[in-house]
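Visitor: Hi, I'm new to this one. Could you walk me through it?
Guide: Happy to. Let's have a look together.

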Amino acid sequence: MKKSERLNDMIRYLNDRSFFNLKELMERYTISKSTALRDVRSLEELGMPIYTEYGRYGKYGILQNRLLSPILFTIDEIYALYFAMLTLEAYQSSPFHLSVKKLNENFEKCLSKDQWQHLHKMKKVLNFESYPHPNVSSFLDQILESILTGNECTVSYLKGEVEQVYSVQFFKISAKFGQWYVSGINLKTKCMIVFRGDKITSFDVENRPSRFFQKTYYSYLFKNRRN
């Protein structure tokens, strides 16, 4: 394994850990103690906040109040990520707290001047067709959080000219032609329901245990597709 590949894997391996020692790295990557020490210094140079705990059972600690540690990408992987990012420009809103403009600026900082110029040339000849949509879905981030935590929700939804209230457990967010859709279980009818994201006018998370699980939802989908 090349050093760059080893460091990249090491960053992922250590990213969710609070402590590690040289022996772990030596055994995992079949490297000597001196190589493990050099790798730790390289991780520090890459920005991983490592500190040393001395003593008989000395070890390394990693500060927890940090941003994600840097991951090493090849230039082709960076180009692929950049063009994947451009598809978000078609959406007025997203489930993430991000700015496509800010992402562009961050990509520019990661690349050399020649690489950035090459990326702009690629952008002129690579055409990613999208369907811009002016509607804003205001609660996607909260809906995503409710899915990840398994919480039930109460939403107000504009159906035609009438606003209706639903008790729902959401399981999925999808996008099509520049529009966001969220689907889940209507807790009153026990049936699947799909909302257009921009027509949800209010959103509240209920503080009670979930009555459905994702496996129940996907079993429901599978059963209805077969029928």
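**Around Phe 195**

Guide: Let's start with Phe 195. Leaving aside neighbours within four places in sequence, Phe 195 is in contact with Val 155, Tyr 157, Tyr 166, Val 168, Phe 170, Trp 180, Tyr 181, Val 182 and Ile 200. Keep in mind that this is a predicted model.

Visitor: Which residues have the most contacts inside the largest nonpolar core?
Guide: Phe 195 is one of them, along with Ile 143, Val 155, Phe 170 and Ile 200. That core has 17 residues.

Visitor: And which elements give two or more residues to this core?
Guide: One helix, α7 (140-149), and the strands β4 (153-159), β5 (162-176), β6 (179-186), β7 (191-196) and β8 (200-205).

Visitor: What about another core, apart from that one?
Guide: There is one of 16 residues, and its members include Phe 20, Leu 22, Leu 43 and Ile 50.

Visitor: Back to the strands. In what order do they sit in the sheet?
Guide: The order is β7-β6-β5-β4-β8, five strands in an open sheet with antiparallel pairing. β7 and β8 are at the edges with a single partner strand each, so one side of each has no neighbour in the sheet. From one strand to the next, the twist averages 45°.

Visitor: How many bridges join β5 and β6?
Guide: Eight, in the antiparallel sense. As a landmark, Phe 170 stands opposite Gly 184 in β6.

Visitor: Where does α7 lie?
Guide: Across β4, β5, β6 and β8, and it runs at about 80° to β5.

Visitor: Changing topic: at what angle do α2 and α3 pack?
Guide: Helix α2 (residues 22-29) and helix α3 (residues 33-45) pack at about 110°, and their axes are 9 Å apart. Angles from 65 to 115 degrees count as roughly perpendicular, so α2 is roughly perpendicular to α3.

Visitor: Which residues make the contact?
Guide: From α2 they are Leu 22, Leu 25 and Met 26, and from α3 they are Lys 33, Ala 36, Leu 37 and Val 40. By class, that is six nonpolar residues, one charged and no polar.

Visitor: What's in the loop between α2 and α3?
Guide: Thr 30 lies there. Thr 30 has a positive phi of about 50°, although it is not a glycine.

Visitor: Is Thr 30 buried or exposed?
Guide: Exposed, with a relative accessible area of 72%. Lys 190, in the loop between β6 and β7, is also not a glycine and has a positive phi of about 65°. Lys 190 counts as partly exposed, at 44% relative accessibility.

Technical notes
Residues are numbered from 1 along each chain as its sequence is written. This is a predicted model: local features need pLDDT of at least 70, side-chain atom pairs count only at pLDDT 80 or more; totals for chains, interfaces and linings use all residues. Side-chain values use heavy atoms; hydrogens and water are left out. A nonpolar core is a set of buried Ala, Val, Leu, Ile, Met, Phe, Trp, Tyr and Cys residues joined through side-chain atoms within 4.5 Å. Buried means under 20% relative accessible area, exposed over 50%, partly exposed in between (1.4 Å probe, protein chains only). Helices (H or I, at least four residues) and strands (E, at least two) are DSSP runs, numbered from the N terminus. Contact means heavy atoms within 4.5 Å. Two strands pair if DSSP finds at least two bridges between them. Axes are lines fitted to C-alpha atoms, for helices over the stretch in contact, and angles run from 0 to 180 degrees between N-to-C directions. Angles under 35 degrees count as roughly parallel, over 145 as roughly antiparallel, 65 to 115 as roughly perpendicular and the rest as oblique. Ala, Val, Leu, Ile, Met, Phe, Trp, Tyr, Cys and Pro count as nonpolar, Asp, Glu, Lys and Arg as charged, and the others, Gly among them, as polar.
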